[in-house]
Every structure is written in structure tokens, then in C-alpha cells.
Amino acid sequence: MKLNNGLLALEEDYVFSEVSRRVRRFASQNPDARLISLGIGDVRGPICPAVTRAMRQAVADQARQRTFHGYGPEQGYQFLRQAVAAALTQRGAPVPPRDIFISDGAKTDLGGIFDLFAPGGAVLLCDPTYPAVRDDCRMRGMRPVSLPGTEANGFLPLPPAGDGEVDAVYLCSPANPTGAVYDRDQLAAWVEYARSREALLIFDSAYESFITDPKLPRSIYEIPGAKNCAVEIGSFSKVAGFTGTRCGYTVFPTELQVRGVSLQGLWRRRLASRSNGVAYVVQRGAAAVYSPAGRQQTARALAVYRENSRRLAAALTAAGLPHWGGQHSPYLWLKCPRGLSSWGFFDFLLQYGNLVGTPGIGFGPMGEGYFRLSAFGDPASVEQACDRLPRTLEFLR
Ligand SMILES: *Cc1c(COP(=O)(O)O)cnc(C)c1O
């Protein structure tokens with residue numbers, strides 16, 4: 001039996017499990033410490049009433065012969081594809097329902113997308129990045145090529161010069177972990193690059209709902225020409241608390257063709273073999289996110305995260321720590337003080353502040369010396385953390 005070398009080569013210790021290990025050890029040695037986690041990439045919940053009502057109704061549908069749903073369409077129910085298409089169209093990215101593919105979350109398609117390519121192809125991605133994509137690409141025998149995200153480029157790398165072969169580019173905006181957001185001109189440069197190279201632009205819009213500035217693009221299809229080169233992978237996880245309920249979507253524009261082959265057709269064919277669709281109850285819940293009540297209620301939860309971000313940013317500024325992101329994102333990215341390494345600062349914050357964050361190195365080698373804080377906490381804990389931060393940093397002086 002020959003095993004998958006790409007899978008075998010993945011680093012043994014995923015940073016997040018090491019974080020849990022260190023936190024457990026500290027908690028067992030310091031049972032009285034009141035730890036506050038600013039490390040999580042998970043929402044606080046709960047799911048809003050408009051959505052849970054729709055899901056309860058859908059459960060009731062399943063209990064009656066007349067309204068029972070068996071296998072649904074692999075691509076997703078028309079009612080949800082229409083709702084997603086209408087929302088994208090409303091925000092200036094006109095997409096028809098036939099181009100929408102419902103998924104059980106963005107992560108599934110962020111990995112599955114590499115099924116489209118011949119093994120060995122090059123995939124450009126930012127370093128630091130959402131680690132799952134780099135892993136997925138290795139598991140499929142693709143070659144991840146890092147684009148350094150630095151303070152100098154605002155953690156938003158632009159297309160590289162030179163003419164090495166490129167099969168795909170993965171962009172996440174607003175980005176995890178840095179919270180950086182591409183503007184229109186920068187995305188236009190990427191669209192132009194992908195088109196000139198016949199490369200696929202994979203646009204991860206998981207955090208689009210955090211964007212408040214109408215000048216910043218929330219969808220790649222706000223950029224002219226994007227339909228010829230880009231797929232967009234969206235999620236209900238962060239906007240509506242679906243991290244445990246699982247639903248997302250991927251947009252394959254009809255216009256997306258590679259040497260006469262429709263990628264939408266190819267994806268539909270792949271899906272027919274790979275999936276029997278997403279739960280009817282979950283799709284009903286996701287559709288309710290777009291109802292007037294759903295929009296209002298999810299906006300309220302987002303406002304809480306925004307206020308948390310604002311407070312954390314103010315505390316970091318007060319403590320004199322350089323930081324980025326947080327404005328259109330639930331994540332703040334900061335430079336570790338005194339030249340500390342990511343893990344050094346992690347241990348310091350844990351020990352002296354009883355605060356838990358995420359070491360930047362977990363998102364790639366360029367994340368060394370940086371640190372991510374998440375605003376997905378409850379406001380009282382975040383406020384306490386903001387109180388502790390400056391006092392904790394005093395220990396470094
Ligand atoms: C949270 C997150 C997602 C969403 O993943 P789901 O599978 O939909 O929960 C996608 N991309 C990034 C970068 C994320 O941080």
C-alpha cells in the first residue's frame with residue numbers, strides 16, 4: 001500500500017492543538033487562574049431566532065409525509081441558491097442562482113477545489129494564511145508557493161513579477177489571520193494577473209460581512225473580469241453563527257472556462273459523485289439569514305463583535321503595541337513586543353495575564369514574531385482582557 005506523501009508530510013503538531021495543550025497544563029498548575037481566551041476562531045453564538053424558527057419549521061416538514069424531503073439536489077435547493085444570488089447581486093456582484101453551489105461549509109470546498117487541477121501545480125497563497133488551505137493543497141499533491149505578507153505590504157501581497165507557472169491563487173479578504181482587506185484596485189490587479197496566466201483565483205469571502213466601508217469590495221465579482229477567472233467561497237459560519245450547523249456556498253460563474261471546458265460543469269460533475277447535498281433543515285436555516293428579521297438579528301451579533309474589536313484595538317494602542325486589522329474583521333494582528341517570538345509572547349500572556357491568543361507562527365513562517373487576537377468573545381470577558389492587557393505588558397518593562 002502506497003500512502004499519500006502530501007498527507008504524510010503535514011506537520012504533526014497543528015498549532016491549535018499545541019495551544020490547547022499549553023493552556024491545559026497551565027490551568028492544571030494554576031487552578032485559581034481565571035483564563036480569558038482571545039484565541040478562538042469560533043463565534044460565540046447563539047444562532048438568531050429567525051434562523052432557528054426556520055429550522056424548526058423544516059424539522060416539522062420532515063415529520064410529515066406531504067412535506068418530507070429525501071435526497072435534495074447536489075447543488076443545493078433553489079430557494080437557497082436564489083437567496084444567495086440575490087444577496088450577491090444586491091451588493092454589486094450580480095450572479096445568477098445557477099452559478100451557486102451550496103456546501104456544508106467553506107472549508108469543505110476550499111479543500112475540494114484542488115480536485116480541479118493536475119497534481120504538481122503551483123498555488124500562490126499569502127504567508128501568513130488560513131492553514132487549512134496550505135494543507136489541502138499539499139494533500140492533493142499541489143505545490144504551495146508563499147507570498148510574503150509583511151508590514152511593508154500591509155499583509156496584502158500583490159501579484160509577483162516573473163513568469164513562473166501558476167495554476168491557482170488563494171486570496172482571503174478580509175484575511176484570517178491578519179484582518180487585512182484588499183481594496184478594489186488591488187483585487188483588480190489580481191484579476192488581471194489570474195486572467196493573463198489562465199490561473200484560477202480562489203476568493204475566500206468568509207469574513208465579508210465584517211466590512212463596513214462601502215468602498216471596500218465584499219465579493220470578487222465586484223471587480224470587472226472576475227467571472228472569467230475566479231470562484232468565490234462563502235460561509236454562513238461567521239455571519240450567522242453556523243460554525244456548528246455547517247453551511248456555505250461556492251460560486252462557479254458560467255463564464256469560467258479553461259480552454260473551452262466549463263469549470264462549472266466540471267464541478268457539477270464532481271459533486272454528483274462526491275455529495276448528496278446539504279441537509280434540508282440546514283439549508284432552510286441558511287435561507288432565513290437573508291430574511292428581513294434574519295438580517296436584522298445577525299447584524300446585531302456582528303455589532304457586538306465589532307465593539308469587541310474596537311475595544312481590543314484601543315487597549316493595544318494604549319499599551320503601545322503596533323497592531324493591524326480589527327476594523328473590518330474579528331481579528332487583530334499584532335507585533336510581539338521586545339522581539340519576543342510568537343510562542344514566547346503566548347507563554348508570557350498566559351503566565352502574566354492569564355490571556356490566551358494564537359501565535360502567529362501557526363499561520364506560516366512569516367507569522368513568527370506576530371500574534372492574533374480574536375474578537376469572538378463575550379463582551380464582559382473582552383472588557384476584562386482589555387483591562388488586563390496594559391497591566392500585563394508592564395511586566396515587560
Ligand atoms: C472560519 C473560516 C472559514 C469558514 O469555514 P466554514 O467551513 O464555513 O466554517 C473559511 N475561511 C476562513 C479563512 C475562515 O477563517
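Q: What classes of residue make up the shell around the ligand?
A: The shell has 7 nonpolar, 4 polar and 4 charged residues. Here Ala, Val, Leu, Ile, Met, Phe, Trp, Tyr, Cys and Pro count as nonpolar, Asp, Glu, Lys and Arg as charged, and the others, Gly among them, as polar. The model is predicted: local features need pLDDT of at least 70 and side-chain atom pairs count only at pLDDT 80 or more, while totals for chains, interfaces and linings use all residues. Residues are numbered from 1 along each chain as its sequence is written, and side-chain values use heavy atoms, leaving out hydrogens and water.

Q: How many residues surround the ligand, and which are the closest?
A: A residue is near the ligand if one of its heavy atoms lies within 4 Å of it. By that rule 15 residues surround the ligand, and the closest are Tyr207, Ser235, Ser237, Lys238 and Arg246.

Q: Which element gives the most to the shell around the ligand?
A: Helix α5 gives the most, with 3 residues. The elements α5 (106-112), β5 (168-172) and α8 (237-240) each supply at least two residues. Helices (H or I, at least four residues) and strands (E, at least two) are DSSP runs, numbered from the N terminus.

Q: What makes the pair formed by the ligand and the side chain of Arg246 a polar contact?
A: A polar contact is a pair of N or O atoms within 3.5 Å. An oxygen atom of the ligand is 2.6 Å from an N or O atom in the side chain of Arg246, so the pair qualifies. A nitrogen atom of the ligand is likewise 2.7 Å from an N or O atom in the side chain of Asp204. Taken alone the ligand exposes 390 Å², of which the protein buries 94%; these areas come from the Shrake-Rupley method with a 1.4 Å probe.

Q: What is the phi of Arg246?
A: Arg246 has a positive phi of about 75° and is not a glycine. Most residues other than glycine have a negative phi. Arg246 is placed in the loop between α8 and β8 (248-251).

Q: Why are β14 and β15 said to pair?
A: Two strands pair if DSSP finds at least two bridges between them. β14 and β15 (residues 370-374) share 2 bridges in the antiparallel sense, and therefore they meet the rule. Thr358 stands opposite Arg372 in β15.

Q: How many cavities of 30 Å³ or more are there?
A: The count is 1 cavity. A cavity is a set of points, on a 1 Å grid over the protein atoms alone, where a 1.4 Å probe fits but cannot get out; lining residues have an atom within 4 Å of a point. The largest cavity has a volume of about 110 Å³. Its lining has 13 residues, and the closest to its centre are Cys126, Pro128, Phe155, Cys172 and Ala175. By class, the lining has 10 nonpolar, 3 polar and no charged residues.

Q: What is the omega of the peptide bond from Asp127 to Pro128?
A: This bond is cis, with omega near 10°. Most peptide bonds are trans. Pro128 is found in the loop between β3 (122-127) and α6 (131-139). A cis peptide bond also joins Ser173 and Pro174, with omega about -5°.

Key. Polar contact = N/O pair within 3.5 Å; in protein donor to acceptor, adjacent residues only side chain to side chain. 1 Å grid on protein atoms, 1.4 Å probe; cavity = no way out; pocket = protein on both sides within 12 Å on 5 of 7 lines; lining within 4 Å. Points joined across faces, edges and corners; volume = space filled by probe spheres on them.
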